[in-house]
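Here are a few exercises to work through with the structure open beside you. Try each task yourself before you read its solution.

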Amino acid sequence: MPELTYREAVRDALSAAMRQDEDVFIMGEDIAEMGGSMGVTQGMLAEFGPERVRNTPISEIAIVGAGIGAAMQGMRPVVEIMYQDFLTISMEQIVNQAAKHRTMSGGQLKVPLTLRTQGGAGWSPGAQHAQQVESWFCHVPGLKVAYPSTPEDVRGLLWSSIYDDNPVIFFEHRLLYPLKGEVPEEIEPIPFGKARVMREGSDVTVIAIGRMVPEAMQAAQDAEQEGISVEVIDPRTLLPLDEEALIASVKKTTRCVTAHEAVTRGGFGAELAAVVQSGAFDYLDAPIERVGAKFAPLAFSPAMEQWAVPHAADVLEAVKRTVARA
Amino acid sequence: MAKVEEKSVATGLSDERLRDLFREMLLMRRFEEKVEERFRAGELPGFLHVAIGQEAVAAGVMSALEPDDTIMSTHRAHAHTLAKGTHPNAIMAELYGKLEGCSQGYGGSMHLYDVANGMLGANAVVGGGLPQITGTALAYKLRKQPRVAVAFFGDGATNTGAFHESLNLAQLWKVPALFVLEMNGWAESTPMSQHLPITDLSERAKAFGMKAISVDGQDVEAVHDATAEARAYAVEGNGPVFLNVRTYRMVGHYIGDPQVYREKDEIADLRDTKDPIELLRARLEISDEDFEALDTEVTAIVEASVEFAKAGTDPNPEDALKYVYA
Amino acid sequence: MATEVKLPRLGQGMESGTIVKWLKGEGEAVKKREPLYELDTDKVTQEVEAEADGVLLKILVDSGEVDVGSTIAFIGKEGEEVSAPEPSSGNGAAPAAAEDEEAAVEDADEPETEGSAAPAMDDQRERGQEAAAATAAGATDHVAQSNDVPSNGRVKASPLARRLAREKGIEISEVSGTGPDGRIVAEDVENFTPGAAKAAAPAAHPRSGEVEEIQLSNTRKTIARRLTEAWQAPVFQLTVNADMTRANDLRERLVARLREGETKPTVSDLLTKVAAAALLRHPAVNAHYTGDSILRFPAAHVGIAVAAPNGLVVPVIRDADRRSISEIAAARAELVGRAREGKLQLADMEDGTFTISNLGMFGIEQFVAVLNPPQAAILAVGATVETPVVRDGEVTVRPLLTLTLTCDHRAIDGAEGADFLRTVKELLEEPALAL
């Protein structure tokens, strides 16, 4: 199987869709000559030209709104919002427009829009370029939310997003871009709402999202040294959510830890914990533990940043709490 | 008469065509008067806004569009929707929340949709539809279709970020969009003196290098001519056009608005001097007899729409979830 | 209308206590503030006073562990009826009884006496403050894992343990929990043998030759939990020798000048004084590590580890930096005396900023002490040993004391710890500087 980086996998899915389908085009800030702030769309301008690889002004409302407009006409635009933090500017178009058109029109309209965005801590970008906001969108009926963690998943899920008839908010993590992984020869679409068991285990289930998936894998390895067997599950899409797989895993292990880089309070871990406790209540042998960032706008200085966001050690600590004895 | 800033390509309308528009405007008037009456009688749920006094804008713009052209409207959408070709029964049924409504009871007055007739939705967030009209027009440009997308909005919307981002992007990409400003001088209850630092809002479009046409919105023929000119300009690939239409809202912001913010005399004065229906009636020298006959005819249509709506089907409550996802 | 005697919450984190014995019998008159019963909490055994005047009408829990807030007795007018069930021992049966009692009292539907109402309000106020504090703290950190809320008599068990118990027909209250805070977890149910009821009343004296099983007292459990916690901390140790020649001289002078009724100062007292002086000069060491922050204190409250009959306790000599050596000696003697009698109050053990553990009297020359969280450091003191040393090129014999400082590296860096220890050494060798 060929190996791609996460970054190349995103580009591969975009390019493949654009090669086969005139209705797919991309737009966003600095995505053409510069190839995007993270280099994801590098080289695409040369292949597809400026009509389909559209540099936009710094206008997050118009970027998303124009994407919605084109999508309502049956095109399959993929718009890029450079950093998750900037989604706040386009929030009205995402929440009031993209998510609601289908219902408000009584089923007359579809909005097959894919909105790619990225972010995350780990390189001292400061508070306005690193917040993780995936949970906000999981609260909006009409949206779908994906947050893949591997090259294979990012490629297969992006393909599915482009061909989904609903607006999809597609999260990528900055620190995952250089990660390499094997991918199938041909793009295999990955359905929404199917979790991936990254690693099987019998004592504790860690449900991890985004960057915390590799961190959870590390924690699982460390836990093994101490005789604790950890199962790691990546839901891959948060909306819809593969509740069945999560519940089945916790029923097996009887303990659960959730992990994401976003702040813990009100984070998606709260939803995961609620789903698990409701579906596996009589199987739980310990309170569900949540791992996330501390509740503060992210500080710039590396020492503070690293302390504030969670790492493998935090997952390990939470895992140990669930198996603790008095 | 049309006050066209650039060279006019106005075609003029035959008396017969103008009589049709007169009948259409009278239908709008009687329809909205009925809506007011039924709302006050407690039959209509929700939040309703009527466009009494602004009928010539709806009739004039739509008379110059082709059936394939699309519009997005505002919270004040009944007249636009009627003019775009939606049957009064479907609109009235929507106001009653019935399945036979143009949005199947999912939208209501502020979210009228009729995609088959090119009505892409009434938008209840001021300025919310504008970026999507830019995007819809972008789709026409990319697909090389000879269509225009038309955004309606009021002077209040020109103060939103969405307005500026949308016009900037539309002009930058020269998409076939028409931005129709219904300049009625009020942002809900706030007079233009309190929300606009300039009086000629064409200046705002010109700041983006966009062609702007100012027109008397109480003169249906002038509105038609200006729209026809703008449409021709846009579909030929010259870019979007800003239509600055001066009109008058002879009623409150919403049904039941006590209008404490304006003088009673002002409304009476407007009805005496600016009523587009009276102006056109005088111009066409419609006799009392003819008027009575037309009035009886449109009133019957309106009455029938109420009967239709009342006899309509109430949706199943659980169908509230039917169109969340495509 | 009888007044309920409820098990009071006597400190942060207290969820339950073990009634050791009643000091009054049923039918006996009691006065407000008169000792009523002895209670073993996870920190100390103490006498709890009556909160109302009257007659001890009914004792609901003779002895055993009871959750905070449970009704354990009634005080009322002589001859007054209380619809109380049969007295029971603690452990499971008691909570149910307490609930019944509460219902009975509610039925009476009369205002309670001042004696019981006031503490209830205090209790609520205290909880309110805790809630407020929790909100403030929680706002800057991930959601607290706290189990500090009294469980109102409910048996603590995981949902899985409950289900397993249900399926196996085991009464969950008979299972003893090994999970955090004594929670019954699945393994406890699986390992449960019917008949081996939990907290088997303090075992009868073992016959010779049998394995002696010692039930853990609350104090012992607390020691085990806190030391295990402490063991998780990333620590480092620093060791130094101090020449005690001058310190011993000083002590002897102080002893010689001792007045009637004054306590004889020990090396430990001198160390307390010296450590306190050094702590003020090195605030990094006079600190708590809380997980969210490091708290540095303006005063040195020095804890001294004492081997009490029920286990290790650490009474605190407050403001040791501001006290003279003889004042420290007097405070120490008083605290140690009460510690050995098991009569320390919770307040005696709170607010320590640093701890000294001295095993010199056992002839231990050097050892490593385990942190006393949230304190950031602890000083282990060995015996003073006559040791040949080189001074000015000559071999000579000096009394050397070995000091080992354990530091929580999350709060203290190596250089800070070393600096502090150097100051301690200097002050011991030149004790005048500390006075």
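The exercises below cover a predicted model and go through a helix pair, a sheet, two chain contacts and the confidence scores.

**Exercise 1.** Work out how helix α8 of chain A packs against helix α12 of chain A.

*Solution.* Begin by finding the two helices: α8(A) spans residues 212-225, and α12(A) spans residues 312-322. Next, take the geometry: the axes lie 8 Å apart, at an angle of about 55 degrees. That angle is why α8(A) is described as oblique to α12(A), since roughly parallel needs an angle under 35 degrees and roughly perpendicular needs 65 to 115. The crossing of α8(A) past α12(A) is right-handed.

Now look at the residues. From α8(A) come A:Glu215, A:Ala216, A:Gln218, A:Ala219, A:Asp222 and A:Ala223. They meet A:Ala312, A:Val315, A:Leu316 and A:Val319 of α12(A). Sorting the residues of this contact gives 7 nonpolar, 1 polar and 2 charged.

**Exercise 2.** Lay out the open sheet of chain C and find its edge strands.

*Solution.* Start with the order, which is β1-β8-β6-β3 in chain C; these 4 strands pair antiparallel. Then look for strands that pair on one side only: these are β1 (3-6) and β3 (29-30) of chain C, the edge strands.

Zoom in on one pair next. Strand β6 (residues 54-59) and strand β8 (residues 71-76) of chain C run antiparallel and are joined by 4 bridges. To help you line them up, C:Val55 stands opposite C:Gly76 in β8(C).

**Exercise 3.** Describe the side of chain B that touches chain A, then turn to the contact of chain A with chain C.

*Solution.* Count first: 33 residues of chain B are in contact with 34 residues of chain A. On the chain B side, β2 (119-122), α5 (130-142) and α6 (161-173) each supply at least two residues. The largest share, 9 residues, comes from α5(B). By type, this side of chain B has 17 nonpolar, 14 polar and 2 charged residues.

For the other contact, chain A gives 17 residues and chain C gives 19. The chain A side divides into 8 nonpolar, 3 polar and 6 charged residues.

**Exercise 4.** Which stretch of chain B has a pLDDT below 50?

*Solution.* Take the whole chain first: chain B averages a pLDDT of 94, and 97% of its residues score at least 70. The stretch to find is residues 1-10 of chain B, where the pLDDT is below 50. In the model, this stretch has 27 contacts beyond near neighbours in sequence.

Definitions and conventions. Residues are numbered from 1 along each chain as its sequence is written. Chains are lettered from A and ligands numbered from 1 in the order in which they are written. This is a predicted model: local features need pLDDT of at least 70, side-chain atom pairs count only at pLDDT 80 or more; totals for chains, interfaces and linings use all residues. Axes are lines fitted to C-alpha atoms, for helices over the stretch in contact, and angles run from 0 to 180 degrees between N-to-C directions. Angles under 35 degrees count as roughly parallel, over 145 as roughly antiparallel, 65 to 115 as roughly perpendicular and the rest as oblique. A crossing is left-handed if the near helix is turned anticlockwise from the far one by less than a right angle, and right-handed if clockwise. Two residues are in contact if their C-beta atoms, placed from the backbone, lie within 7 Å. Ala, Val, Leu, Ile, Met, Phe, Trp, Tyr, Cys and Pro count as nonpolar, Asp, Glu, Lys and Arg as charged, and the others, Gly among them, as polar. pLDDT is the predictor's confidence in each residue, from 0 to 100. Two strands pair if DSSP finds at least two bridges between them.
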